[in-house]
Amino acid sequence: MGYITFTKTEPHLFSMLFMCDQSRDQRERMERQLQPIIELITRQLGMSADTATAFHMHMWIHVHGIASMIVTHYLDWDEQHIVDALSVEFHALSASIANQQGSGGMQ
């Protein structure tokens, strides 16, 4: 929610920071900074690091998509609509991963 709120309050800064080409060094630094988040997801949701990484990436794509659509004025959602959309995505993704793990998919 903080990322999306930042989009609404600082649209030009958001665009400058998050809607530009990223270098390989920037992506590698982001991956290193992400490790504590992946570890938290692993502990909280009881999944492997690889599954937690995939889970985070799917959620990140959804969050960034909403944020990008807000900053470009494609969407004009209030906070409750955003919370509802993120909640639906979280629960759907959690169920999908649980289903895959139960059928021998993601670990």
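This passage describes the helices of a predicted model, the way they pack, and the residues buried between them.

The chain holds five helices and zero strands. Read from the N terminus, its elements follow the order α-α-α-α-α. Along the principal axes, the C-alpha atoms fill a box of roughly 45 × 35 × 20 Å. The chain has 107 residues, of which 24% count as buried. Among contacts with a separation of 6 or more, 61% join residues 24 or more positions apart.

Nonpolar cores were examined next. In soluble globular proteins, nonpolar side chains tend to be buried together. The largest nonpolar core in this model has twelve residues. Its members are Tyr3, Ile4, Phe14, Val63, Ile66, Ala67, Ile70, Val71, Leu75, Ile82, Ala85 and Leu86. Two or more residues of this core come from each of α1 (2–9), α4 (49–71) and α5 (79–102). The most is given by α4, with five residues. One member of the core is Ile4. Leaving out residues up to four places away in sequence, Ile4 touches Val63, Ile66, Ala67, Ile70, Ile82 and Leu86. There is also a second, separate core, which has nine residues. Ile38, Met59, Leu93 and Ile97 are among them.

Helix α4 was then considered by itself. At 1.5 Å a residue, the 23 residues of α4 should span 33 Å. The C-alpha atoms at its ends are 32 Å apart, so the expected span and the model agree. The buried residues of α4 are Thr51, Ala52, Ala54, Phe55, His56, Met59, Val63, Ile66, Ala67, Ser68, Ile70 and Val71. Of these, Val63, Ile66, Ala67, Ile70 and Val71 are also listed in the largest core, while Met59 is included in the second core.

After α4 comes His73, which lies in the loop between α4 and α5. The phi of His73 is near 65 degrees, a positive value in a residue other than glycine. The relative accessible area of His73 is 71%; values over 50% count as exposed, so His73 is exposed.

Packing between helices was described pair by pair. Two packed helices are described by the angle between their axes and the distance between the axes. For α3 (residues 24–45) and α4, the axes come within 9 Å and cross at roughly 110 degrees. Angles of 65 to 115 degrees count as roughly perpendicular, and α3 is therefore roughly perpendicular to α4. On the α3 side, the contact is made by Leu34, Ile37, Ile38, Ile41, Thr42 and Leu45. These residues meet Ala49, Ala52, Thr53, Phe55 and His56 in α4. By class, the contact has eight nonpolar, three polar and no charged residues.

Leu45, in helix α3, takes part in this contact. Its relative accessible area is 34%, and Leu45 is therefore partly exposed. With neighbours within four places in sequence left aside, Leu45 is in contact with Phe55 and Phe90. Leu45 and Phe55 are ten residues apart along the chain, and their C-alpha atoms are separated by 10 Å.

The loop between α3 and α4 contains Ser48. Ser48 has a relative accessible area of 27% and is partly exposed. Between the C-alpha atoms of Ser48 and Ile38, ten residues apart along the chain, the separation is 9.3 Å.

A further pair is formed by α1 and α2. These helices pack at an angle of about 120 degrees, with their axes 5 Å apart. Because 65 to 115 degrees is the range for roughly perpendicular and only angles over 145 count as roughly antiparallel, α1 is oblique to α2. From α1, the residues Tyr3, Phe6, Thr7, Lys8 and Thr9 meet Pro11, Leu13, Phe14, Leu17 and Phe18 in α2. By class, the contact has seven nonpolar, two polar and one charged residues. Tyr3 and Phe14, which take part in the contact, also belong to the largest nonpolar core.

Leu13 is located in helix α2 (residues 11–18). At 34% relative accessibility, Leu13 counts as partly exposed. Leu13 and His62 are 49 residues apart in sequence, and the distance between them is 20 Å, C-alpha to C-alpha.

How values were computed: Residues are numbered from 1 along each chain as its sequence is written. This is a predicted model: local features need pLDDT of at least 70, side-chain atom pairs count only at pLDDT 80 or more; totals for chains, interfaces and linings use all residues. Side-chain values use heavy atoms; hydrogens and water are left out. A nonpolar core is a set of buried Ala, Val, Leu, Ile, Met, Phe, Trp, Tyr and Cys residues joined through side-chain atoms within 4.5 Å. Buried means under 20% relative accessible area, exposed over 50%, partly exposed in between (1.4 Å probe, protein chains only). Helices (H or I, at least four residues) and strands (E, at least two) are DSSP runs, numbered from the N terminus. Contact means heavy atoms within 4.5 Å. The expected span of a helix is 1.5 Å times one less than its number of residues. Axes are lines fitted to C-alpha atoms, for helices over the stretch in contact, and angles run from 0 to 180 degrees between N-to-C directions. Angles under 35 degrees count as roughly parallel, over 145 as roughly antiparallel, 65 to 115 as roughly perpendicular and the rest as oblique. Ala, Val, Leu, Ile, Met, Phe, Trp, Tyr, Cys and Pro count as nonpolar, Asp, Glu, Lys and Arg as charged, and the others, Gly among them, as polar.
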